[in-house]
Amino acid sequence: MSNPTVEKYNQPTGGNELPRFAGHTSFFRLPVQSDATGLDVALLGMPVDIGTSNRSGSRFGPRQIRTESVLVRPYGMATQAAPFDSFQVADIGDVAVNPYNLLKTVDAIELAVDKIVEAGAKPISVGGDHTCTLPILRSLAKKHGSMALIHVDAHADTNDEMFGEKVAHGTVFRRAIEENLIDTKKMFQIGLRATGYAEDDFDWSRGQGATVITAEECWYKSLVPTMEQIRETIGPDTPAYLTFDIDGLDPSVAPGTGTPEPGGLSSSQGLEVIRGCYGLNLVGCDLMEVSPPYDTSGNTSLLGANLIFEMLCSLPGCIRRT
Ligand code: MN
Ligand code: MN
């Protein structure tokens with residue numbers, strides 16, 4: 001039941017108004033509009049998987065996450081967050097990507113995010129492979145300068161190149177650091193693990209001043225204290241960006257992805273990371289690398305939809321009853 005005093009904002013179609021399996025397929029059953037005019041938050045799909053190095057399929061991520069998002073309800077019970085009473089949110093569709101050209105796709109994404117920023121809205125982007133995050137950061141840095149970064153991933157994504165290419169899903173954060181899009185003193189990579197090409201694969205980020213928190217450092221622990229420390233280091237005013245590669249979570253909870261690695265974060269730890277971003281000056285968020293063809297139950301997409309909901313709840317200004 002939405003609060004009548006705040007019904008100026010879009011509300012998701014309720015599960016008792018129209019069955020969840022009926023109706024238009026949009027993120028959280030919100031209205032669809034063609035651009036970010038009038039919005040506080042724009043939900044945007046990026047159906048790209050030509051930056052992927054192993055299994056493909058994340059081009060179908062935005063569509064499947066929309067489908068599974070019908071089960072997400074408008075209030076967070078643990079956080080008491082009410083994002084749809086706090087912000088004007090809509091689904092603005094997908095970027096018109098070029099499935100034959102990654103560099104042109106990257107430019108199209110930057111332009112799409114520029115338009116969201118010009119409209120005064122914040123982007124929450126749904127991939128697609130992790131390459132999509134580079135043009136998002138390029139766009140946001142034009143407004144905010146070097147940003148703090150919370151990066152959940154099994155991988156550092158700091159290769160210099162892949163098959164000779166400077167732009168791919170595993171090079172994103174090296175490019176972003178080189179281009180000064182990120183303040184590395186306020187950059188945290190969480191969940192890194194498994195096997196590398198060399199023993200020092202994760203040291204490049206550390207050498208740039210970033211903090212790497214491996215999956216092993218997270219095992220058997222709550223990440224609430226970790227996130228408290230991260231909030232303290234970043235501070236409440238620094239523009240901060242949250243990028244969440246679904247493969248940061250364990251394949252037992254998120255099998256539908258292209259480069260799964262054992263020993264990942266639990267779904268509750270994933271929630272703790274996103275909820276722990278409340279109090280930061282988040283200027284945008286994304287959820288990348290969900291690959292529906294490897295998600296036979298739909299549960300990876302469903303989890304992804306819930307993670308995106310939690311991102312809305314963690315934006316600054318989100319109303320909470322407590
Ligand atoms: Mn990644
Ligand atoms: Mn990854």
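The manganese ion (ligand 1) and the manganese ion (ligand 2) lie 3.2 Å apart, and aspartate 153 coordinates both. The structure is a predicted model, in which local features need pLDDT of at least 70 and side-chain atom pairs count only at pLDDT 80 or more, while totals for chains, interfaces and linings use all residues. Residues are numbered from 1 along each chain as its sequence is written, chains are lettered from A and ligands numbered from 1 in the order in which they are written, and side-chain values use heavy atoms, with hydrogens and water left out.

Coordination of the manganese ion (ligand 1) is provided by His130 (ND1), Asp153 (OD), Asp157 (OD) and Asp245 (OD), at 2.1 to 2.2 Å. Donors are here N, O and S atoms within 2.8 Å of the metal (3.2 Å for Na, K and Ca); water is not among the atoms, so sites may look incomplete. Along the chain, the donors of the manganese ion (ligand 1) show the spacing H-x22-D-x3-D-x87-D. Distant parts of the chain are linked in this way: histidine 130 belongs to the loop between strand S3 (122-127) and helix H4 (133-144), and aspartate 157 to the loop between strand S4 (147-152) and helix H5 (172-178), the two being 27 residues apart. Helices (H or I, at least four residues) and strands (E, at least two) are DSSP runs, numbered from the N terminus. Histidine 130 and aspartate 157 are both buried, where buried means under 20% relative accessible area, exposed over 50%, and partly exposed in between (1.4 Å probe, protein chains only).

For the manganese ion (ligand 2), the protein donors are Asp153 (OD), His155 (ND1), Asp245 (OD), Asp247 (OD) and Asp247 (OD), at 2.1 to 2.4 Å from the ion. The donor residues of the manganese ion (ligand 2) have the sequence spacing D-x1-H-x89-D-x1-D. Aspartate 245 counts as buried because its relative accessible area is 2%, and aspartate 247 is likewise buried, at 1%.

Eight strands make up an open sheet with parallel pairing, in the order S2-S1-S3-S8-S7-S4-S5-S6. The edges are strand S2 (89-94) and strand S6 (211-214), each of which pairs on one side only. On average, neighbouring strands of this sheet are turned by 15° against each other, direction ignored; axes are lines fitted to C-alpha atoms, for helices over the stretch in contact, and angles run from 0 to 180 degrees between N-to-C directions. Two strands are taken to pair if DSSP finds at least two bridges between them. S3 and strand S8 (residues 281-288) run parallel and are joined by three bridges. Serine 125 is placed opposite aspartate 286 in S8.

The largest pocket encloses about 830 Å³ of space. Pockets were located on a 1 Å grid over the protein atoms alone, a pocket being an open set of points where a 1.4 Å probe fits, with protein on both sides within 12 Å along at least five of seven lines; lining residues have an atom within 4 Å of a point. Grid points are joined across faces, edges and corners, and a volume is the space filled by probe spheres set on the points. The lining of the largest pocket comprises 36 residues, with Ser53, Asn159, Met162, Gly170 and Tyr197 nearest its centre. By class, this lining holds 12 nonpolar, 12 polar and 12 charged residues, where Ala, Val, Leu, Ile, Met, Phe, Trp, Tyr, Cys and Pro count as nonpolar, Asp, Glu, Lys and Arg as charged, and the others, Gly among them, as polar.

The second largest pocket has a volume of about 650 Å³. Its lining consists of 29 residues, of which Arg20, Val72, Arg73, Pro74 and Tyr75 lie nearest the centre. At least two lining residues come from each of helix H9 (267-275) and helix H10 (299-314), and H10 gives the most, with four residues. This lining contains 13 nonpolar, 10 polar and six charged residues.

Several features of the backbone were also identified. The peptide bond from glycine 127 to glycine 128 is cis, with omega near 10°, and glycine 128 lies in the loop between S3 and H4. Arginine 29, in the segment before strand S1 (41-46), has a positive phi near 60° although it is not glycine, and is buried at 6% relative accessibility. Asparagine 180, in the loop between H5 and strand S5 (182-192), has a positive phi near 60°, and is exposed, with a relative accessible area of 54%.
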